Amino acid sequence: FMRTFYVWDSTQGTGALNTRTIAGSIPYEAFRMLSEIVGLSLVDAQKLWLYLCFATSGLSMYYLVSMFVNWKNRRVACLTGGMIYMMNEYVALFLVPDFYFFNFYSFLPLILGLYIKGIRENKNMTYAFLLCCVWTITTNSIFVDPVFAVSEWAVIVLFLMYRVLV
């Protein structure tokens, strides 16, 4: 964890600059630091990290699907959507998810669901502040890579354009 705060990273072999990955690795490294303080072994910490990745992605998609489904068997539809999102082929390629996976893949449905709820119900500034806090804590560290920033903002802007046009 302490090594990530230094610009020079000699573990890359050539001693290349590591400034781009510092911000992205802070949530993962903070989790590893907390698990070490608690006394978890590395194997148990990795198991917990993997469980958190899958559980938060399923719960986030459950919440997002619940924003769109209003019929009688709503929970079945939400549970099915969450399970499909957790266990799709894209996830199967990542045997050990990294911090980008956890931030972007797991929390994007939650952020989009909170955004949709705020627009539909005309929430006040307190709700917007809460959404920004959730957004900052969960995904702000991946914005060092422009691909993730553009991808996340594209989803939100496309929904806003759809909402304005419809």
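**Warm-up: is asparagine 122 buried or exposed?**

Start with the scale: buried stands for under 20% relative accessible area, exposed for over 50%, and partly exposed for anything in between, using a 1.4 Å probe and protein chains only. Asparagine 122 has a relative accessible area of 68%, so this residue is exposed.

A word on the model before we go on. This is a predicted model, in which local features need pLDDT of at least 70 and side-chain atom pairs count only at pLDDT 80 or more, while totals for chains, interfaces and linings use all residues. Residues are numbered from 1 along each chain as its sequence is written, and side-chain values use heavy atoms, with hydrogens and water left out.

**Exercise 1. Describe the overall fold of the chain.**

Step 1. Find the elements: helices (H or I, at least four residues) and strands (E, at least two) are DSSP runs, numbered from the N terminus. The chain comes to seven helices and zero strands.

Step 2. Read along the sequence; the pattern is α-α-α-α-α-α-α.

Step 3. Look at burial and contacts. Of the 166 residues in the chain, 39% are buried. Taking a contact as heavy atoms within 4.5 Å, 59% of the contacts between residues at least 6 apart in sequence join residues at least 24 apart.

**Exercise 2. Place asparagine 122 and describe its backbone.**

Step 1. Asparagine 122 sits in the loop between helix H5 (99-120) and helix H6 (125-139).

Step 2. Check the backbone angle. Most residues other than glycine have a negative phi. Asparagine 122 is not a glycine, yet its phi is positive, at about 50°.

**Exercise 3. Which residues touch the most other members of the largest nonpolar core?**

Step 1. Recall the rule: a nonpolar core is a set of buried Ala, Val, Leu, Ile, Met, Phe, Trp, Tyr and Cys residues joined through side-chain atoms within 4.5 Å. In soluble globular proteins, nonpolar side chains tend to be buried together.

Step 2. The largest core has 21 residues, and Leu112, Tyr115, Ile116 and Ile156 touch the most other members.

Step 3. Trace the core to its elements: helix H2 (42-68), helix H3 (74-86), H5, H6 and helix H7 (146-165) each give two or more residues. H5 gives the most, with six residues.

Step 4. Zoom in on isoleucine 116. Beyond its neighbours within four places in sequence, isoleucine 116 is in contact with Leu64, Met67, Phe68 and Phe159.

**Exercise 4. Work out the aromatic cluster.**

Step 1. Rings of Phe, Tyr and Trp (its six-membered ring) pair if their centres lie within 6.5 Å; planes under 30 degrees apart are stacked, over 60 edge-to-face, and the rest tilted. The structure holds three such aromatic pairs.

Step 2. Tyrosine 115 and phenylalanine 159 are 6.3 Å apart, centre to centre, with 75° between the planes, an edge-to-face pair. Tyrosine 115 is in helix H5 and phenylalanine 159 in helix H7, 44 residues apart, and the pair links distant parts of the chain.

Step 3. Tyrosine 115 is buried, at 16% relative accessibility, and phenylalanine 159 is buried too, at 12%. The ring centres of phenylalanine 159 and tyrosine 162 are 6.3 Å apart with planes at 45°, so this pair is tilted.

Step 4. Tyr115, Phe159 and Tyr162 thus make up one aromatic cluster.

**Exercise 5. Find the polar partners of two buried side chains.**

Step 1. A polar contact is a pair of N or O atoms within 3.5 Å; within protein, one must be able to donate a hydrogen and the other to accept it, and residues adjacent in sequence count only if both atoms are side-chain atoms.

Step 2. Serine 35 lies in helix H1 (residues 19-38) and is buried at 6% relative accessibility. A polar atom of its side chain lies 2.8 Å from the backbone oxygen of arginine 32.

Step 3. Threonine 56 is in helix H2 and is buried, with a relative accessible area of 18%. Its side chain reaches the backbone oxygen of leucine 52 at 2.6 Å, and a polar atom of that side chain lies 3.4 Å from the backbone oxygen of cysteine 53.

**Exercise 6. How many disulfides does the count come to?**

Step 1. A disulfide is a pair of cysteine sulfur atoms within 2.5 Å. By this rule the count is zero.

Step 2. Check burial: cysteine 53 is buried at 0% relative accessibility, and cysteine 78 is buried at 1%.
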